[in-house]
Amino acid sequence: MRYEIKGEPLPVLLCYLEPGESIMCENGAMSWMTPNMKMATGAGGVGKAIGRMFSGESFFQNTYTAEGGQGMIAMASSFPGSIMPVDVSQGDFIVQKKGYLASEAGVTLSVAFQKKIGAGFFGGEGFIMQRLSGHGMAFIEIDGYVVEYDLQPGQQLVVDTGYLAAMSATCTMDIQTVKGIGNALFGGEGLFNTVVTGPGKVYLQTMPLNKVQEVLYTPSR
């Protein structure tokens, strides 16, 4: 499969498939395609489907297959930002809830639970995220521009709520309280921050949806 991503900050993923090749995506992700792309909708097993629902995706997935020649399918982002390709063959990835857009047939989307209670309650990412495993390319949606860090073993990043878009499954996530009562109450950063510890890659986003909602729903002065 060949692909290209066009049009940031309102990107679209264009996938070019050879005859017989398939790509999976969530319901409603298709924007346009060639006539020879055949769609098949399925759950892929009740257990997997329930896991996808918990991770913020739909019960059913669509699979598009090129028949009788090369095919093309386009999937546009649902929010201004970036579409990021991820090679899952290099290791599992943990992705923010509802971050999955599409993937090759060899990629499995499942639920990822945060093992640490504090990180689940106060880290801003919740107990449930998405796990991408298997082999092949996957494509995830990033809110805003994406910044990548490659953390060494034990190296840490302190991240404000909502800015963590994805990370290698080898990374761990925890929380830390904002030091100082005055800082916590009046600093505008809340009481807790997310701490990501390496080794692995960390992908941060510059325009989290929760921050956009805060701006939209804050009364003007």
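## Starting at the N-terminal hairpin

How many bridges join S1 to S2, and in which sense do the two strands run? Five bridges link them, and the strands run antiparallel. S1 and S2 make up a hairpin with five residues between them. Within that turn, Gly 7 has a positive phi of about 90 degrees. Across the strands, Tyr 3 stands opposite Cys 15 in S2. Please keep in mind while looking at this hairpin that the model is predicted.

## The model as a whole

Let us step back to the overall picture. The protein has 221 residues, of which 43% count as buried, and its secondary structure comprises four helices and 19 strands. It exposes about 11300 Å², with carbon and sulfur atoms supplying 59% of that area. Among contacts between residues at least 6 apart in sequence, 77% join residues at least 24 apart.

## Where the prediction is confident

The mean pLDDT of the protein is 83, and 76% of its residues reach 70 or more. Among the elements, strand S2 (residues 12–17) has the highest mean pLDDT, 98, so the hairpin described above includes the element at the top of that ranking. At the other end is helix H3 (residues 181–186), with the lowest mean, 45.

Two stretches deserve some care when you read the model. Over residues 117–124 the pLDDT is below 50, and this stretch has 17 contacts in the model beyond near neighbours in sequence. Over residues 182–188 the pLDDT is also below 50, and here the model has six contacts beyond near neighbours in sequence.

## A six-stranded open sheet

Now to a sheet further along the chain. Six strands form an open sheet in the order S11-S12-S9-S16-S19-S14, with antiparallel pairing. Strand S11 (107–113) and strand S14 (146–151) are at the edges, each pairing on one side only. From one strand to the next, the twist averages 20 degrees.

Inside this sheet, strand S9 (residues 93–95) pairs with strand S16 (residues 164–168) in the antiparallel sense, over three bridges. One residue to look for is Val 95, whose bridge partner in S16 is Ala 166.

## Two aromatic pairs

The structure holds two aromatic pairs. In one, the rings of Tyr 3 and Phe 139 have their centres 4.9 Å apart and their planes at 75 degrees; because planes over 60 degrees apart count as edge-to-face, this pair is edge-to-face. Tyr 3 sits in strand S1 (residues 2–6) and Phe 139 in strand S13 (residues 137–143), so the pair ties together parts 136 residues apart in sequence. The two partners differ in their exposure: Tyr 3 counts as partly exposed at 31% relative accessibility, whereas Phe 139 is buried, with a relative accessible area of 0%.

In the other pair, the rings of Phe 93 and Tyr 203 have centres 6.1 Å apart and planes at 40 degrees, so the pair is tilted. Phe 93 lies in strand S9 and Tyr 203 in strand S19 (residues 200–205), which places the partners 110 residues apart and links distant parts of the chain. Both S9 and S19 belong to the open sheet described above. Phe 93 is buried, with a relative accessible area of 8%, and Tyr 203 also counts as buried, at 8% relative accessibility.

Definitions and conventions. Residues are numbered from 1 along each chain as its sequence is written. This is a predicted model: local features need pLDDT of at least 70, side-chain atom pairs count only at pLDDT 80 or more; totals for chains, interfaces and linings use all residues. Side-chain values use heavy atoms; hydrogens and water are left out. Two strands pair if DSSP finds at least two bridges between them. Axes are lines fitted to C-alpha atoms, for helices over the stretch in contact, and angles run from 0 to 180 degrees between N-to-C directions. Buried means under 20% relative accessible area, exposed over 50%, partly exposed in between (1.4 Å probe, protein chains only). Contact means heavy atoms within 4.5 Å. Accessible areas come from the Shrake-Rupley method with a 1.4 Å probe; for residues, only the protein chains shown count as cover. pLDDT is the predictor's confidence in each residue, from 0 to 100. Rings of Phe, Tyr and Trp (its six-membered ring) pair if their centres lie within 6.5 Å; planes under 30 degrees apart count as stacked, over 60 as edge-to-face and the rest as tilted.
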